[in-house]
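Open the model in your viewer and keep the selection panel at hand. The stops below are meant to be taken in order.

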Amino acid sequence: MSRNLLGAFGRKLDKKLRKWMMILIVVLAAAVAVLVAQRVNEHRKKPEPQVLTVSTLTDMIPVSDLSTVTSTYNGVAQVMNEKNPDKLDYYVAYEAQAQAGVNFNELQPEIDEASKTVTIRVPAAHFMDANVDVSSLDFMFNNKKADTSGVTERAYKACQEDADRECSCSEAILELARENAVNTVEALTRPLVEQLYPEYTLVVE
């Protein structure tokens with residue numbers, strides 16, 4: 001075969017290869033364009049609305065017994081004579097930190113589909129604990145003989161009992177604890193309700 005013939009054959013083959021390469025590039029470009037279009041459409045699709053349920057609301061508040069107020073309580077306890085319970089040995093003033101809160105497992109969420117209203121009712125607050133500061137004890141002796149080496153231990157016990165009794169029935173502490181609980185529940189749920197269920201109105205009471 002002559003060189004001219006070989007050259008002509010090579011040029012012809014080269015043209016075919018270029019032709020097929022162009023076709024392949026066009027096909028690949030079309031395929032990529034289709035994939036891109038599909039992805040864009042997927043992102044443009046609106047997410048399916050989420051159904052608001054009572055369990056969804058309770059999941060928003062992942063706590064149970066929560067202390068919602070810590071209050072300083074100043075009290076005075078009386079310590080009677082051990083052998084003669086009618087005789088007063090001394091008074092002891094003290095300072096205690098009282099804690100009260102609510103049980104969030106007792107929250108009562110309700111959903112009114114007609115008015116698109118979410119209502120969460122917070123239960124009554126309860127006394128949780130009182131911690132007497134032993135360094136705050138201040139004695140006023142009625143019986144000087146009661147001032148012994150063991151007086152602090154006995155006085156601390158009397159103050160703790162007095163603090164538990166007085167703080168557990170303090171309306172001011174319990175009212176403040178419930179008020180703080182209402183604010184806590186609202187702070188935990190409102191941002192999520194407004195973001196995920198903007199058509200609903202939240203009421204915490």
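Where does Ser135 sit? In this predicted model, select Ser135: its place is in the loop between β5 and β6 (138-141). Ser135 counts as exposed because its relative accessibility is 62%, above the 50% cut-off. Show side chains here, and a polar contact of 2.7 Å appears between those of Ser135 and Asp133. Then add Thr152, which is 17 residues from Ser135 in sequence, with 9.9 Å between the two C-alpha atoms.

Next, select β3, β4 and β7. These three strands form an open sheet, in the order β3-β4-β7 and with mixed pairing. The edges are β3 (108-112) and β7 (201-204), each of which pairs on one side only. Neighbouring strands of the sheet are turned against each other by 15 degrees on average, direction ignored.

Zoom in on β4 (residues 117-121) and β7: the two run parallel and are joined by four bridges. Thr117 stands opposite Thr201 of β7. Now add helix α4 (residues 171-196), which lies across β4 and β7 and runs at about 160 degrees to β7.

The last stop is the largest nonpolar core, a set of 38 residues in which Val92, Tyr94 and Val122 touch the most other members. At least two core residues come from each of β1 (65-80), β2 (88-103), β4, β5 (126-132), α3 (151-168), α4 and β7. Centre the view on Val92. Leaving aside neighbours within four places in sequence, the contacts of Val92 include Gly75, Val76, Ala77 and Val79, as well as Leu137, Asp138, Phe139, Ala155 and Cys159.

Key: Residues numbered from 1 in each chain as written. Predicted model: local features only at pLDDT ≥ 70, side-chain atom pairs only at ≥ 80, totals over all residues. Heavy atoms only, no water. Pairing = 2+ DSSP bridges. Axes fitted to C-alpha atoms, helices over the stretch in contact; angles between N-to-C directions. Contact = heavy atoms within 4.5 Å. Core = buried A, V, L, I, M, F, W, Y, C linked by side-chain atoms within 4.5 Å. Buried < 20%, exposed > 50% of the residue type's maximum accessible area, 1.4 Å probe, protein only. Polar contact = N/O pair within 3.5 Å; in protein donor to acceptor, adjacent residues only side chain to side chain.
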